[in-house]
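Please look through the model shown below before reading on. The paragraphs after it are meant to be read with the structure open.

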Amino acid sequence: MAESYTFVLLTLDAALRVATPLVLCAMAGLLSERSGIIDISLEGKLLAGAFVAGTVAAVTGSAWLALLTAMVATALLSLLHGFACITHRGNQVVSGLAINIMVSGLTVVLGIAWFARGGQTPSLQAAARFMPIEFPLAETLRAVPVLGPIYTEVLSGHNLLVYVALAAVPFVYWVVYKTRFGLRLRAVGENPQAVDTAGISVTGLRYRGVLMCGLLCGIAGAYLSIAQNASFVREMSAGQGYIALAAMIFGKWRPLPALGACLMFGLLDAIAIRLQGVEIEGFGEVPVQLIQALPYIMTVVLLAGFIGKAVAPKAIGIPYVKER
Amino acid sequence: MKASHVSVPAWVTIGVVPVVNIAMALFLSGLIILLIGENPIDAVQLIFIGAFGYDEAIGYTLYYTTNFIFTGLAVAIAFHAMLFNIGGEGQAYIGGLGIGLAILAFDHTLPFWLMLPIMLSAGALFGAAWAFIPAWAQAYRGSHIVITTIMFNFIASALMVYLLVNVLVEPGNMSPETREFLPSGHLPFMHEVFAWFGIAITKSPLNISIFWALICCVLLWFYIWRTRWGYALRTVGHSERAAVYAGIRPQRVIVITMCISGALAGFVGINELAGVQHRLLLNFTAGYGFTGIAVSLMGRNHPLGIVLASLLFGILYQGGAELAFEMPKISREMVVTIQGLVILFSGALAYMSEPWVARAYTFVALGLTQQRAGEA
C-alpha cells in the first residue's frame, strides 16, 4: 500500500515537472488570444527561449542573466508577431507558423555555428542553472503520515521556475479578471470597435497582450534548457508549445481550467513514461503512443463540441480595421 | 504633384510585390550567413553548383521539387476556399501508410501497371480520410480547422510510430520498417526511363512521379478555374454568405476541398515510398508538408507559381545539402530558416511592401511622363 502511494506521489511529482512549461505557455497564449491575436507560435517561442537561455548560461554562467535574455528574445519574437498581425494586419496563423519554422531552423543553425556540438549547447554547471529548492523541514515532515510525503515528494524539491509557473496562474487570473487592463484586454478580444469607440487604443492593448505572452514563453523556454535540463538540445520543445495551445483551448481560454488541462496532460505524459513496456493482465502491452496522443485527441473531440463547448474570443483572428 | 494621379497596374502587385517579398527574405537569410561568419555570395554560388552542377544533382533537385509540388498544391486548393490546411504533414504521412499497405498487400500478385492505379488511389484515399475528419468538424461542428489539423499531425505521428513499431515491422528487423516492396511496387527511376531510350544519365532518386505531380498541377488548375465545383470553391473562399445566396452549400464545399487537399498531400508517399525508399518507414515526410505552406504562399496559390516555388525549394534543399558539406559552419537547417522567412515575408507581411512598391512605381511613372511632356 505504502509502495503504491509513493508511486502515485512520484508520478504526480513528475507530472508537475512536465506540466511547468505547459502552464507557462498556456498562460502566455491566453493573454495573447484573449486580446484577439491567435498565437500558434508558442512552440517557436518556447524553443527560442530555451536556446537563448542555454546559450547565455553557457557563455556567462549566470542563470538569472540567461532567464532575462530568454525573456527579451521571446518578447522580441512576440513583437514581430504583433508587427505582422496588428500593424500590418497579416494572417495570424501564417505569422505564427513562420516564427515556428524560422526558430526551428535558426536554433540549430546558430547552435552548430557557435558551439559545433550538433546543435547542442555546452552542459551547464549547477551555478548556471536553477537547482531544486528543498522546503524547510522537508525531510523531518516526511514521517508525517499521508500528508508528509505529499509535502516532501510533490511540493518540495522543485526548481524556482516550477513555483513561478504555479504563481503565474493566479497572477494571470488577477490580471485578466480583476484589473482595468484585464477588462479592456478581454473587451478588445470580443469587440474591438467598442473599445475603440471608448477612446482606448486597440493596437496598444493588443501589443501589450502579445508582449506579456512573449515574456511568459521566455520563462518556459529557460525552464527547459537551464532548469529541467542542463543544456539546450535541438528541437527540445518537441511539440510542448502545441500541447500548451491545446490545453489553453481545453481550458476554454480561462486560467484555472487551463491549469487543470496542463496538469492533466502532464499527468498523462508521466503515466505514459511509467507504463512504457508494462504488460497489463488481459489487455496486453499498453500502447504508449495512444496515451501520448490523448491530449490531441481530446482537444479535437472537445472542439467538435462533444465535451461542452469551447467558445473562442469573438474577434480572434480578425485584424482590426479602424475606418469602416 | 499628387501620387494619386497614377494608378498602379496589376502586373506590379502580382509580379513585382512577390519578388520584393522573396528578396527581403533572402536578404535576411544572407545577413544570418554573414552573422555566422561566412560569405553569403559564396554560399549562393555553392547552392547553385550543388543543385545544378552535375546531372545527379539535377535529379535530386527535381526529386525534392516533386514533393513540394504535391504539398504546395494541397495547401493552395484549401487556401482558395479560405481554409488553412496545416495538416499536410499528417495527411502525407497517412497517405503514405495507405500506399505502403496497398503495395504490401498486392505486390506478390499484381503486375506494375495494375499496381500504379491502386497505389495512387490508396494514397489519395488515406490522405483524404485524414483530412476528412478536421474538415467535417469545421463544416458541421464549428471547430477551427487550423487547430484540428495541427492536432491531427501529432495524432498521425503517434499512430505511425505505434503501427510501425508494433504491427507492421518486418520480423527480425531492428529498425521500425516494413519489408522491402517487390519490384512490381516500385516506380521506375528516371535514369531507368532514360536507359530504355538508350540515354545514360547518373542514378538519382528522381522517378516518374514528377510527371504525376505536373499532371496534378494541370488537373487542379482545371478544377479550380474551369469547373462549377471550382467556381463554388472560390465563391466560398470569397464569401460564405454570398455562396449560400448563390445556392452553394459551403459545408459540402469545405469537406470536398479538404479531401482533395489531403489526397494531394498523400501523393508524397508515391514519390517517397514507391519511388525511392521501397518500404514503409518512420518520418519519411521530413517536413515536406510544412514546406508546402511556404511553396503555396510564394506561388500565390497558382499551379504555375507553385511549380516555380517548388523548384526554388528543390534548389535550396539539394543545394543546401551541398552547402552544408562545403561550409561546415552552415548546417542544412539553414534551408528551414529560409523557409520560415519566406512564409513571414510572402505570407504574414505580404502587404507590407505594397505601398513602397506602389510609391516607387508612381515615382518612376511620374518621372517618365514629365520627361515625355518636356520632350514634347
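What follows is a walk from the contact between the chains to the core, the helix packing and a few individual residues.

This is a predicted model, and its two chains, A and B, meet in a contact that takes 35 residues from chain A and 38 residues from chain B. On the side of chain A that touches chain B, helix 4 (92-115), helix 11 (240-250) and helix 13 (288-303) each supply at least two residues. Helix 4 of chain A gives the most to that side, with 14 residues. Sorted by class, the side of chain A that touches chain B holds 24 nonpolar and 11 polar residues, and no charged residues.

Two of the helices just named also pack against each other: the axes of helix 11 and helix 13 of chain A come within 10 Å and cross at roughly 35°, and the crossing is left-handed. Helix 11 of chain A contributes A:I243, A:A246, A:I249 and A:F250 to this contact, while helix 13 of chain A contributes A:P295, A:Y296, A:M298, A:T299, A:L302 and A:L303. By class, this contact has 9 nonpolar residues, 1 polar residue and no charged residues.

The largest nonpolar core has 225 residues, and those with the most contacts inside it are A:V23, A:A26, A:M27, A:A247, A:C262 and B:L73. Helix 3 (residues 55-80) of chain B gives the most to this core, with 15 residues. For one of the core residues, A:M27, the partners can be listed: not counting residues up to four places away in sequence, A:M27 touches A:A168, A:V169, A:V172, A:L216 and A:P255.

In chain B, helix 2 (residues 40-52) and helix 14 (residues 303-326) pack at an angle of about 115°, with their axes 7 Å apart, and helix 2 passes helix 14 in a right-handed crossing. On the helix 2 side the contact includes B:A43, B:L46 and B:I47, and among the residues they and their neighbours meet in helix 14 of chain B are B:I315, B:L316 and B:E326. The residues of this contact divide into 10 nonpolar, 4 polar and 2 charged. Helix 15 (residues 334-348) of chain B has 15 residues and reaches 20 Å from its first C-alpha to its last, close to the 21 Å expected at 1.5 Å a residue; helix 15 of chain B is mostly covered, with 15 of its 15 residues buried.

Two residues deserve attention for their backbone. Most residues other than glycine have a negative phi. A:W253, although not a glycine, has a positive phi of about 60°; A:W253 sits in the loop between helix 11 and helix 12 (255-274) of chain A and counts as buried because it has 22 C-beta neighbours inside 10 Å. In chain B, B:N301 has a positive phi near 55° and is found in the loop between helix 13 (288-298) and helix 14. B:N301 is buried, since 20 other C-beta atoms lie within 10 Å, and 20 or more is what the cut-off for a buried residue requires.

Is A:I133, the last stop, buried or partly exposed? A:I133 lies in strand 1 (residues 132-133) of chain A and is partly exposed, because 13 other C-beta atoms lie within 10 Å. Leaving aside neighbours within four places in sequence, A:I133 is in contact with A:H158, A:N159 and A:L160. A:I133 and A:Y163 are 30 residues apart in sequence and 9.9 Å apart in space, C-alpha to C-alpha.

Note on methods. Residues are numbered from 1 along each chain as its sequence is written. Chains are lettered from A and ligands numbered from 1 in the order in which they are written. This is a predicted model: local features need pLDDT of at least 70, side-chain atom pairs count only at pLDDT 80 or more; totals for chains, interfaces and linings use all residues. Two residues are in contact if their C-beta atoms, placed from the backbone, lie within 7 Å. Helices (H or I, at least four residues) and strands (E, at least two) are DSSP runs, numbered from the N terminus. Ala, Val, Leu, Ile, Met, Phe, Trp, Tyr, Cys and Pro count as nonpolar, Asp, Glu, Lys and Arg as charged, and the others, Gly among them, as polar. A nonpolar core is a set of buried Ala, Val, Leu, Ile, Met, Phe, Trp, Tyr and Cys residues joined through C-beta atoms within 7 Å. A residue is buried if 20 or more other C-beta atoms lie within 10 Å of its own, exposed if 12 or fewer, and partly exposed in between; C-beta atoms are placed from the backbone. Axes are lines fitted to C-alpha atoms, for helices over the stretch in contact, and angles run from 0 to 180 degrees between N-to-C directions. A crossing is left-handed if the near helix is turned anticlockwise from the far one by less than a right angle, and right-handed if clockwise. The expected span of a helix is 1.5 Å times one less than its number of residues.
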